[in-house]
Amino acid sequence: MRHELITDAVLVRNYMDGDENALSVLIHRHKQRIYSFIYSKVFDRDITEDIFQDAFIKVIKNLKLGKYNEEGKFLPWVMRISHNLVIDHFRKNNRMPKFDNSGEFSIFSVLGDNALNAEKQIIKDQVECDLRRIIEELPEDQKEVLMMRMYKDMSFKEISERTGVSINTALGRMRYALINLRKVIDKNNIILTN
Amino acid sequence: MAKLYSECPQKKDNLNPKKETVDFLLNYSKALSVIHYNDLKFEALQN
């Protein structure tokens with residue numbers, strides 16, 4: 001841990017007494033934390049630079065006008081000023097944090113492309129094709145119910161009306177269709193995962 | 001050799017204000033003086 005010879009409180013007091021060098025020490029001591037804090041909110045170097053500058057202009061004015069009441073909290077005080085200026089910035093622009101692709105931060109580093117790549121698309125097609133072939137092996141009544149439910153997205157009520165059986169029978173056929181599918185898949189060690 | 005595009009090229013360890021900004025603040029501080037007159041305080045910027 002870095003040992004700081006002169007505390008912030010002493011530096012602030014010296015600055016208020018006219019020691020300009022004290023401000024330089026304070027800025028260099030805290031600039032990275034304050035700058036990073038602002039950048040973490042606005043994600044734009046130029047805006048961060050502006051807010052950082054405005055924050056310290058306020059700090060300088062308040063200290064010179066003797067408005068600052070030292071309670072050993074110089075950094076939190078500057079952070080609070082920076083935070084308020086960040087809020088002012090967003091309020092003024094009336095928008096949420098904006099990402100543009102001109103700076104170091106690229107939106108594409110956090111946004112993924114959800115579309116399947118060529119390989120995954122081929123695997124998906126293969127899996128669907130395998131599944132169709134297994135379904136074809138099912139008894140006709142079970143296949144009919146499963147096709148209507150999974151591929152035509154019909155409700156069991158609609159299926160029962162279409163096939164002329166009760167809802168419970170349709171549900172039972174669906175259940176047996178799934179059980180039989182699992183049996184075939186297990187028996188033949190078919191892998192149906194993408 | 002092929003580039004490793006999977007590596008993250010961004011490093012955020014140099015988040016510091018520009019030297020110009022810091023210099024401006026120090027100069028601003030030197031230029032700003034507060035004049036006390038009775039109970040009133042006046043800001044004056046000397047270039």
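These are legends for a set of close-up views of a predicted model with chains A and B.

**View 1. Chain A as a whole: helices from start to finish.**
Before zooming in, it helps to have the layout of chain A in mind. The chain holds 8 helices and 0 strands, so its pattern along the sequence simply reads α-α-α-α-α-α-α-α. Of its 194 residues, 35% are buried. Take the contacts in chain A with a separation of 6 or more, and 52% of them turn out to join residues 24 or more positions apart.

**View 2. Helix H7 of chain A, with a buried side and an exposed side.**
Here we look at residues 156-163 of chain A, which make up H7. Phe156(A), Ile159(A), Ser160(A) and Thr163(A) are the buried ones to pick out. They sit on the same side of H7(A) because the arc they cover around the axis is only 100 degrees. Turn to the other side of H7(A) and you meet Lys157(A), Glu161(A) and Arg162(A), which are exposed. What do the buried residues of H7(A) pack against? Their partners are two helices of chain A, namely H6 (140-151) and H8 (167-187). Keep following the backbone and, just after H7(A), there is Gly164(A) with a positive phi of about 75 degrees.

**View 3. His30(A) and the residues around it.**
His30(A) belongs to helix H2 of chain A. With a relative accessible area of 6%, His30(A) falls under the 20% cut-off and therefore counts as buried. Its side chain makes a polar contact with the side chain of Asp8(A), at 2.8 Å. Leaving out residues up to four places away in sequence, His30(A) touches Phe74(A) and Leu75(A) as well as Asp8(A).

**View 4. A salt bridge within helix H5 of chain A.**
Lys124(A) and Glu128(A) bring their side chains together in a salt bridge, 3.0 Å from N to O. Both residues are in H5 (residues 118-136), and because they are 4 residues apart, about one helical turn separates them. Are these two buried, partly exposed or exposed? Lys124(A) is partly exposed, at 32% relative accessibility, and Glu128(A) is partly exposed too, at 39%.

**View 5. Glu136(A), Glu140(A) and Lys143(A) in a salt-bridge network.**
This view shows three side chains of chain A: Glu136(A), Glu140(A) and Lys143(A) are linked in a network of salt bridges. One of the links joins Glu136(A) to Lys143(A), with 3.1 Å from N to O. The two ends of that link are worth a second look. Glu136(A) is partly exposed, its relative accessible area being 47%, whereas Lys143(A) is buried, with a value of 13%.

**View 6. A salt bridge within helix H1 of chain B.**
Now over to chain B, where Lys19(B) forms a salt bridge with Asp23(B) and the closest N and O atoms are 2.8 Å apart. How far apart are Lys19(B) and Asp23(B) in helix H1? They are 4 residues apart in H1 (residues 19-31), so the separation is about one helical turn. Lys19(B) is exposed, at 60% relative accessible area, while Asp23(B) is partly exposed, at 29%.

**View 7. Where chain A meets chain B.**
The last view takes in the contact between the two chains, which draws 25 residues from chain A and 20 residues from chain B. Between them, chain A and chain B bury about 2,200 Å², and 63% of that is on carbon and sulfur atoms. On the chain A side, Glu49(A), Lys64(A) and Leu65(A) lose the most area to chain B, together accounting for 25% of what that side buries. Which elements give two or more residues to this side of chain A? They are helix H2 (20-42) and helix H3 (45-64). By type, the chain A residues that touch chain B split into 10 nonpolar, 7 polar and 8 charged. How many salt bridges cross the interface of chain A and chain B? The count is 0, although the whole structure has 10 over all chains. Polar contacts do cross between chain A and chain B, with 6 residue pairs counted, both residues at pLDDT 80 or more.

Conventions. Residues are numbered from 1 along each chain as its sequence is written. Chains are lettered from A and ligands numbered from 1 in the order in which they are written. This is a predicted model: local features need pLDDT of at least 70, side-chain atom pairs count only at pLDDT 80 or more; totals for chains, interfaces and linings use all residues. Side-chain values use heavy atoms; hydrogens and water are left out. Buried means under 20% relative accessible area, exposed over 50%, partly exposed in between (1.4 Å probe, protein chains only). The arc is that of the directions from the helix axis to the C-beta atoms. Contact means heavy atoms within 4.5 Å. Buried area is the accessible area (1.4 Å probe) that two parts lose on being put together, summed over both. A salt bridge is a side-chain nitrogen of Lys or Arg within 4 Å of a carboxyl oxygen of Asp or Glu. A polar contact is a pair of N or O atoms within 3.5 Å; within protein, one must be able to donate a hydrogen and the other to accept it, and residues adjacent in sequence count only if both atoms are side-chain atoms. Ala, Val, Leu, Ile, Met, Phe, Trp, Tyr, Cys and Pro count as nonpolar, Asp, Glu, Lys and Arg as charged, and the others, Gly among them, as polar.
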